[in-house]
Amino acid sequence: MTVFETLQTICDSPNIPWKNIIIGFSAGQFLFETYISYRQYKSLSSNKLPAVLENEIDQETFEKSEAYSKAKIRFSIVSDLYALIQKIAFVKFDLFPRLWHLGNKVSTILPVQYRAVSTIAQSLWFLLVLSNISTVAELPFSYYSHFVLEEKFGFNKTTMKIWITDMIKSTLLGVAIGGPILYGFLKIFDLFETNFLWYVCLFLLVVQILAMTLIPVYIMPLFNTFTPLEDGELKQSIEKLAKQVGFPLDKIFVIDGSKRSSHSNAYFTGLPFTSKRIVLFDTLVNSNSVEEITAVLAHEIGHWQKNHVLNMVVFSQLHTCAIFSLFTSVYRNISFYETFGFVIDATETTIPEVAIPTKVFTTGFPIIIGFMLFNDLLTPLECSMQFAMSLLSRIQEYQADAYAKGLGFSKNLCRALIDLQIKNLSTMNVDSLYSAYHYSHPTLAERLTALGYVSEKKKA
């Protein structure tokens with residue numbers, strides 16, 4: 001008997017309190033994340049800049065940055081508490097079978113070929129209902145984030161029209177693209193009940209590669225306007241840098257990020273075997289010098305030169321394979337599903353004629369719900385994994401910075417990072433545990449120190 005078969009046997013027991021385990025893990029995650037948020041909140045009250053920033057950030061900007069960071073932490077704690085309450089309600093009150101039943105009922109208003117007559121169809125209808133309910137439930141937080149928090153600190157440029165149309169576009173794309181992907185995902189379990197692992201991993205790898213290739217070209221332009229960078233000094237500087245390091249640059253675009261926010265950024269897209277695109281936010285182009293922008297792009301090209309994108313794809317796939325290997329222990333666990341209100345392979349195969357049943361009879365395993373609940377069981381492991389992924393990402397950022405420094409862009413990269421820190425009101429003081437868990441980038445002070453930055457001026 002293999003390790004996973006042994007796990008299947010151990011886990012398939014009606015005596016295991018699955019609900020209490022998931023609630024306990026979820027509450028534990030909330031308490032841990034709230035604790036490190038509290039540590040970070042305390043660090044924001046130090047009223048003292050890191051030494052390397054003392055001559056770079058004026059007191060007014062520093063205080064505004066601290067206020068902005070505190071407001072975001074308070075908001076995150078409230079939104080996390082709301083998410084925890086939702087999760088507990090779903091588990092405690094058997095809302096999964098209720099929504100499964102509701103999805104089936106909604107499908108009956110459509111022609112026969114679109115009704116939930118199979119487990120896969122039932123899963124798709126369930127997810128459609130769940131996603132729409134989740135969207136509505138998250139509206140107050142989305143509104144507050146854009147029109148209260150970001151507005152208060154002068155970042156929000158999103159209009160009500162853009163906010164609403166973004167939600168409509170996202171919903172339609174979720175159905176048009178997410179539906180077929182989920183169908184393919186579930187079909188693999190239907191075709192390969194006992195040996196699905198490698199097929200699922202291969203399928204998700206293909207989906208990930210297609211997403212990284214097609215989303216920048218076809219999906220993102222649905223939300224923003226991508227304008228080719230005009231001929232001039234900046235374009236010449238970028239093209240010169242690309243030629244110098246052998247970066248296979250395809251196109252350079254300026255994105256109208258200012259229509260939603262005054263935050264600045266720049267990035268490149270493309271895998272080793274696809275075209276490379278550099279994207280600059282208009283807020284960056286309009287406020288930074290040619291030398292600073294070129295330095296930022298030298299950093300981004302450093303990610304390409306070090307194969308960071310490909311490395312993260314490999315890491316992500318190893319993570320995915322590990323998750324689905326463990327999933328084999330519960331995906332056909334009858335007692336596991338029955339704990340959450342599903343009666344598997346019951347002789348009574350039709351849904352009881354009640355408005356909202358607390359138990360649903362089904363002849364197939366609701367795999368998608370099993371996977372959602374299984375992810376809740378992995379909460380302790382995923383918290384640990386977040387530390388590892390943040391660490392790996394920060395190492396890559398240091399390497400990209402070092403690459404730009406090696407090209408002679410150290411000074412201008414430091415100036416650009418400081419300027420972005422000021423404009424984005426990014427956090428100046430960061431607790432070490434909070435940073436290790438949440439930050440994919442080193443703090444500004446850490447990056448400047450690693451680059452050997454020495455201030456040349458004194459701020460008032």
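**Burial, helices and loops in a predicted model**

Biologist: Which helix does Gln 396 lie in?
Modeller: Before we start, remember that we are looking at a predicted model. In this model, the helix covering residues 379–406 includes Gln 396, and that helix is α14.

Biologist: Is Gln 396 buried or exposed?
Modeller: A residue counts as buried when its relative accessible area is under 20%. Gln 396 has 7%, so Gln 396 is buried.

Biologist: Which residues does Gln 396 touch, leaving out those up to four places away in sequence?
Modeller: Its surroundings include parts of the chain that are far off in sequence: Val 309 is 87 residues away, yet the two C-alpha atoms are 9.8 Å apart. As for touching, with sequence neighbours up to four places away left out, the partners of Gln 396 are His 303, His 308, Asn 311 and Met 312.

Biologist: How many residues of α10 are buried?
Modeller: Let's check the helix itself before its cover. At 1.5 Å a residue, the 16 residues of α10 (290–305) should span 22 Å, and the end C-alpha atoms are 22 Å apart, so the two values agree. The helix is mostly covered, and its buried residues number 13 of 16.

Biologist: Which residue just after α10 takes a positive phi?
Modeller: Most residues other than glycine have a negative phi, so a positive one is worth a look. Just after α10, a phi of about 60° belongs to Asn 307.

Biologist: How far does α11 reach from its first C-alpha to its last?
Modeller: Helix α11 runs over residues 308–327 and has 20 residues. Its buried residues include His 308, Val 313 and Phe 327. At 1.5 Å a residue the expected span is 28 Å, and the reach in the model is close to that, at 28 Å.

Biologist: What distance separates the end C-alpha atoms of α2?
Modeller: Among the buried residues of α2 are Trp 18, Ile 22, Phe 30 and Ser 43. The helix has 26 residues, which should span 38 Å at 1.5 Å a residue. The model agrees, because the end C-alpha atoms are separated by 38 Å.

Biologist: Which residues does Leu 49 touch, not counting those up to four places away in sequence?
Modeller: Leu 49 sits in the loop between α2 (18–43) and α3. With a relative accessible area of 11%, Leu 49 counts as buried, so a loop residue can be covered too. Leaving out residues up to four places away in sequence, Leu 49 touches Glu 54, Ile 57, Phe 62, Met 428 and Asn 429.

Biologist: How far apart in space are the C-alpha atoms of Thr 443 and Met 428?
Modeller: Thr 443 is in the loop between α16 (432–438) and α17 (444–450), and at 12% relative accessibility Thr 443 counts as buried. Val 430 and Ser 435 touch Thr 443, with residues up to four places away in sequence left out. Met 428 is 15 residues from Thr 443 in sequence, and the C-alpha distance is 7.6 Å.

Biologist: What is the relative accessibility of Leu 425?
Modeller: Leu 425 is found in the loop between α15 (410–424) and α16, and its phi is positive, near 50°. Leu 425 counts as buried because its relative accessibility is 5%.

Biologist: Between which two helices is Asp 94 found?
Modeller: Asp 94 has a positive phi, near 50°. At 15% relative accessibility, Asp 94 counts as buried. The loop that holds Asp 94 lies between α3 (59–92) and α4 (95–107).

Biologist: What distance separates the C-alpha atoms of Gly 341 and Ile 57?
Modeller: Gly 341 is in the loop between α12 (334–339) and β5 (342–344), and at 1% relative accessibility Gly 341 counts as buried. Along the chain, Gly 341 and Ile 57 are 284 residues apart, and their C-alpha atoms are separated by 57 Å.

Biologist: What is the radius of gyration of the protein?
Modeller: Stepping back, the protein has 17 helices and 6 strands. Its C-alpha atoms fill a box of roughly 80 × 50 × 45 Å along the principal axes. For 460 residues, a compact globule would have a radius of gyration near 23 Å, which agrees with the protein's value of 25 Å.

Biologist: What share of the protein's residues count as buried?
Modeller: The accessible surface comes to about 23,000 Å², of which carbon and sulfur atoms supply 63%. Of the 460 residues, the share that counts as buried is 44%.

Note on methods. Residues are numbered from 1 along each chain as its sequence is written. This is a predicted model: local features need pLDDT of at least 70, side-chain atom pairs count only at pLDDT 80 or more; totals for chains, interfaces and linings use all residues. Side-chain values use heavy atoms; hydrogens and water are left out. Helices (H or I, at least four residues) and strands (E, at least two) are DSSP runs, numbered from the N terminus. The radius of gyration is taken over C-alpha atoms; the globule rule is 2.2 Å times the number of residues to the power 0.38. Buried means under 20% relative accessible area, exposed over 50%, partly exposed in between (1.4 Å probe, protein chains only). Accessible areas come from the Shrake-Rupley method with a 1.4 Å probe; for residues, only the protein chains shown count as cover. Contact means heavy atoms within 4.5 Å. The expected span of a helix is 1.5 Å times one less than its number of residues.
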